[in-house]
Amino acid sequence: MSLFVPDAGAMDALGRELSQPASWRGVVWLQGDLGAGKTTLVRSLLRGLGYAGRVKSPTYTLLEPYELADRMVYHLDLYRLAAAEELEWLGVRELLTGNDLLLVEWPERGRGVLPEPDLDIVIDYEGEGRRITALAKTPLGEQMLASLPSLESEITP
Ligand code: ADP
Ligand code: MG
């Protein structure tokens, strides 16, 4: 799936308007340059999942946990990770239980230790906006994709 997202407002709407929030569990990778909109998308996804509190970038803390009614959401940002092995002490593989969701910025820096994604999202700059390319790697990923609002007029096949 590839989607043109013209501005930050549309990016925000994308996550907020999930049709089936319950389908968001497992592992989601968010790739893209600095300022691409990874954190913006995580924030709106958390809103879509019903989280009303503050969402800050975990650039310095590495991991921010969010307690939702029915699951934990973990927001990981590996930008400052020097080596994937540093993830071992975080116990990142053991984090996920039940319906938990792990959203990872800069996942390429944790390759080998980080769990493989159910959904792989890449955000590229395109003019003033962004292009989101999302690839489902598992049936769970397919379900997550299906719950995204289509922004129909903007879809490129
Ligand atoms: P990242 O986490 O990828 O480094 P951030 O989400 O922190 O990026 O910042 C993205 C910046 O780009 C924010 O200033 C946001 O308002 C803006 N932005 C987000 N989505 C879009 C979009 N679709 N088009 C244009 N600007 C966007
Ligand atoms: Mg970020």
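This is a short dialogue on reading a predicted model.

Trainee: Let's start with the metal. Which residues are the protein donors of the magnesium ion?

Mentor: Two residues serve: Thr 39 through OG1 and Glu 105 through OE. They lie 2.1 to 2.2 Å from the magnesium ion, ligand 2.

Trainee: Where in the chain do Thr 39 and Glu 105 sit?

Mentor: In distant parts of it. Thr 39 belongs to helix α2, residues 38-48, and Glu 105 to strand β5, residues 101-105. The two are 66 residues apart.

Trainee: Are Thr 39 and Glu 105 buried or exposed?

Mentor: Both are buried. The cut-off for that word is under 20% relative accessible area.

Trainee: Take α2 next. How many of its residues are buried?

Mentor: Eight of the 11, so α2 is mostly covered. Besides Thr 39, the buried set includes Lys 38, Leu 41, Val 42, Ser 44 and Leu 45. Leu 46 and Gly 48 are also in it.

Trainee: And β5, the other element at the metal? How many of its residues are buried?

Mentor: Five of the five, so the strand is largely enclosed by the rest of the structure. Look at the side chains. Leu 101, Leu 103 and Glu 105 point one way, while Leu 102 and Val 104 point the other way. Buried residues are found on both sides.

Trainee: Which way do the neighbours of β5 run, parallel or antiparallel? I mean β2 and β4.

Mentor: β2 runs parallel to β5, joined by five bridges. Gly 26 stands opposite Leu 101 there. Strand β4, residues 72-77, is also parallel to β5, again with five bridges. In that pairing Tyr 74 faces Leu 102.

Trainee: Now the antiparallel pairs. How many bridges join β6 to β7?

Mentor: Eight, and the strands run antiparallel. Use Ile 123 as a marker: it stands opposite Ile 132 in β7. The hairpin leaves two residues between the strands. Gly 127 takes a positive phi near 60° in that hairpin.

Trainee: What else pairs with β7?

Mentor: Strand β1, residues 2-5, in the antiparallel sense over four bridges. Ser 2 has Thr 133 as its bridge partner in β7. Follow the chain into the loop between β1 and α1, and you reach Pro 6. At 30% relative accessibility, Pro 6 counts as partly exposed. Its C-alpha atom is separated by 4.3 Å from that of Gly 129, 123 residues apart along the chain.

Trainee: How should I read a helix with one covered side?

Mentor: Start from the helical repeat. An α-helix has 3.6 residues a turn, so residues three or four places apart point the same way. Now take helix α5, residues 139-147. Its buried residues are Leu 140, Gly 141, Met 144, Leu 145 and Ser 147. Viewed down the axis of α5, they fall within an arc of 165°, so they line one face of the helix. Pro 139 and Ala 146, on the other side, are exposed.

Trainee: What covers the buried residues of α5?

Mentor: The cover includes β2, β6 and β7.

Trainee: How do I read backbone phi values?

Mentor: Know the background first. Most residues other than glycine have a negative phi, and most peptide bonds are trans. Here, Leu 62 has a positive phi of about 75° although it is not a glycine. Leu 62 lies in the loop between α2 and β3. With 11% relative accessibility, Leu 62 counts as buried.

Trainee: What is the phi of Trp 106?

Mentor: Near 55°, a positive value in a residue other than glycine. Trp 106 is found in the loop between β5 and β6. Trp 106 is buried too, with a relative accessible area of 11%. For a glycine case, see Gly 50 just after α2, with a positive phi of about 100°.

Trainee: Last topic: empty space. How many cavities of 30 Å³ or more does the structure hold?

Mentor: The idea is simple. Rolling a probe the size of a water molecule over the atoms shows where empty space is left. This structure holds one cavity of 30 Å³ or more. About 40 Å³ of space lies in the largest cavity.

Trainee: Which residues line the largest cavity?

Mentor: Among them are Met 1, Leu 14, Trp 24, Leu 41 and Leu 45. Ile 121, Ile 132, Ala 134 and Leu 148 line it as well. The elements that give two or more residues to this lining are α2 and β7.

Methods
Residues numbered from 1 in each chain as written. Chains lettered and ligands numbered in written order. Predicted model: local features only at pLDDT ≥ 70, side-chain atom pairs only at ≥ 80, totals over all residues. Heavy atoms only, no water. Buried < 20%, exposed > 50% of the residue type's maximum accessible area, 1.4 Å probe, protein only. Arc of directions from axis to C-beta. Contact = heavy atoms within 4.5 Å. Donors = N, O, S within 2.8 Å, 3.2 Å for Na, K, Ca; no water. Pairing = 2+ DSSP bridges. 1 Å grid on protein atoms, 1.4 Å probe; cavity = no way out; pocket = protein on both sides within 12 Å on 5 of 7 lines; lining within 4 Å. Points joined across faces, edges and corners; volume = space filled by probe spheres on them.
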